[in-house]
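Q: I have a model open beside its sequence, and I would like to learn how to read its features one at a time. Where should we begin?

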Amino acid sequence: MKLRLVILLSYLSLATMAFAQTSGGQIRRHRKKQSSTVRYRSVTQSNVPPKMLSCPNDNHPHMIDLGLPSGTKWACCNLGASTPEQRGDYYRWGETKPVKEGDTDATYPYKNVDIGNNIAGTKYDAATANWGAFWRMPTEDQIMELVDNCTYKWTMQNGQEGVEVTGRNGGTIFLPASGYRNYSSGSFSNIGSSGYYWSSSPCGTDQGGILYFHSSSWYWNYYTRAFGFPVRPVAK
Ligand SMILES: [Zn+2]
């Protein structure tokens with residue numbers, strides 16, 4: 001009988017130890033769960049790119065602060081360009097895909113079609129369609145603000161003629177003299193001598209507003225919508 005009692009007690013003792021180990025494991029798992037919650041909070045990040053006075057590296061596009069009164073920030077390069085001096089893609093006003101071989105005035109869908117008084121951020125905005133909702137085509141007001149508050153200097157950057165635009169805060173962007181793509185022949189003209197950059201603002205139903213520049217001046221202008229011009233986006 002005594003031997004059986006000792007065996008029984010030993011068995012109970014082992015069972016108690018096993019239970020204690022299981023309980024300990026449950027407590028450790030609980031602590032692990034708490035620490036992973038803290039880790040999740042610490043890696044939450046914003047998708048807004050940092051603003052700067054000039055490109056800090058080759059990872060374009062950057063959002064450049066020119067010290068403008070409205071707070072508008074301009075991109076450092078054109079849509080479709082991988083560097084500030086590249087001309088990038090050419091668009092017809094209101095289209096979100098670049099012009100291609102064979103595109104003529106006859107294939108342009110928005111000739112004398114009202115698609116709104118400001119296409120910025122709409123489905124007709126090439127900047128938003130290609131770079132995401134954070135970017136937009138500039139409005140007439142934003143182009144006028146750039147001209148009124150920045151200095152303009154004709155220059156050459158990495159072999160491309162264009163304009164160095166400098167804000168009162170020292171921020172600077174380069175706009176290549178990209179020329180244009182003719183809507184009837186499809187040929188390119190004035191590359192290296194003039195710049196034509198679409199705005200989001202139309203003029204009637206046949207023209208779109210642009211920032212125009214050449215070697216000695218820059219100003220607001222209007223052109224037929226079926227021309228192929230580049231786009232320099234602004235941040236929303
Ligand atoms: Zn850049």
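A: Let us begin with a loop: N112 lies in the loop between strand 3 (73-75) and helix 2 (126-131). Please keep in mind throughout that this is a predicted model.

Q: What is the sign of phi at N112, and is the residue buried or exposed?

A: One reads the backbone angle first and then the surroundings. N112 has a positive phi of about 60 degrees although it is not a glycine. A residue counts as exposed if 12 or fewer other C-beta atoms lie within 10 Å of its own, and N112, with 8 such atoms within that distance, is therefore exposed.

Q: Where is N158 placed, and what phi does it take?

A: N158 sits in the loop between strand 5 and strand 6, and its phi is positive, about 50 degrees, although N158 is not a glycine. By the cut-off of 12 or fewer, N158 is exposed, because 10 other C-beta atoms lie within 10 Å.

Q: Which strands form the sheet that contains strand 5 and strand 6, and in what order?

A: For a sheet, one reads the order of the strands, then the direction of pairing, and then the edges. Here three strands form an open sheet in the order 5-6-7, with antiparallel pairing. Strand 5 (150-157) and strand 7 (172-176) are the edge strands, each of which pairs on one side only. On average, neighbouring strands of this sheet are turned by 30 degrees against each other, direction ignored.

Q: How many bridges join strand 5 to strand 6, and which residue stands opposite Y152?

A: Strand 5 and strand 6 (residues 160-167) run antiparallel and are joined by eight bridges; in strand 6, the residue opposite Y152 is V165.

Q: What is the order of the sheet that contains strand 10, and which strands stand at its edges?

A: The same reading applies. This open sheet has three strands in the order 10-11-12, and the pairing is antiparallel. Strand 10 and strand 12 (217-224) stand at the edges with a single partner strand each, so one side of each has no neighbour in the sheet. The twist from one strand to the next averages 30 degrees.

Q: How are the strands of this sheet joined by bridges?

A: Six bridges join strand 10 to strand 11 (residues 207-214), and G195 stands opposite F213 in strand 11. Strand 11 is joined to strand 12 by eight bridges, with T224 of strand 12 as the bridge partner of Q207. In the hairpin of strand 10 and strand 11, which has three residues between the strands, G204 takes a positive phi near 65 degrees.

Q: How many residues of strand 10 are buried, and which helix lies across this sheet?

A: Strand 10 (residues 195-203) is largely enclosed by the rest of the structure, because eight of its nine residues are buried. Helix 3 (residues 140-149) lies across strand 10, strand 11 and strand 12, and runs at about 160 degrees to strand 12.

Q: Which residues does the cis peptide bond join, and where is P61?

A: For a peptide bond, the angle to read is omega. The cis bond joins H60 and P61, with omega about 5 degrees, and P61 is in the loop between strand 1 (51-52) and strand 2 (63-65).

Q: Where does pLDDT stay under 50, and what is the average for the protein?

A: The average pLDDT is 86, and 79% of the residues score at least 70. Over residues 5-45, however, pLDDT stays under 50, and the model has zero contacts beyond four places in sequence for these residues.

How values were computed
Residues numbered from 1 in each chain as written. Predicted model: local features only at pLDDT ≥ 70, side-chain atom pairs only at ≥ 80, totals over all residues. Buried ≥ 20, exposed ≤ 12 C-beta atoms within 10 Å, placed from the backbone. Helix = DSSP H or I, 4+ residues; strand = E, 2+ residues; numbered from the N terminus. Pairing = 2+ DSSP bridges. Axes fitted to C-alpha atoms, helices over the stretch in contact; angles between N-to-C directions. Contact = placed C-beta atoms within 7 Å. pLDDT = per-residue confidence, 0-100.
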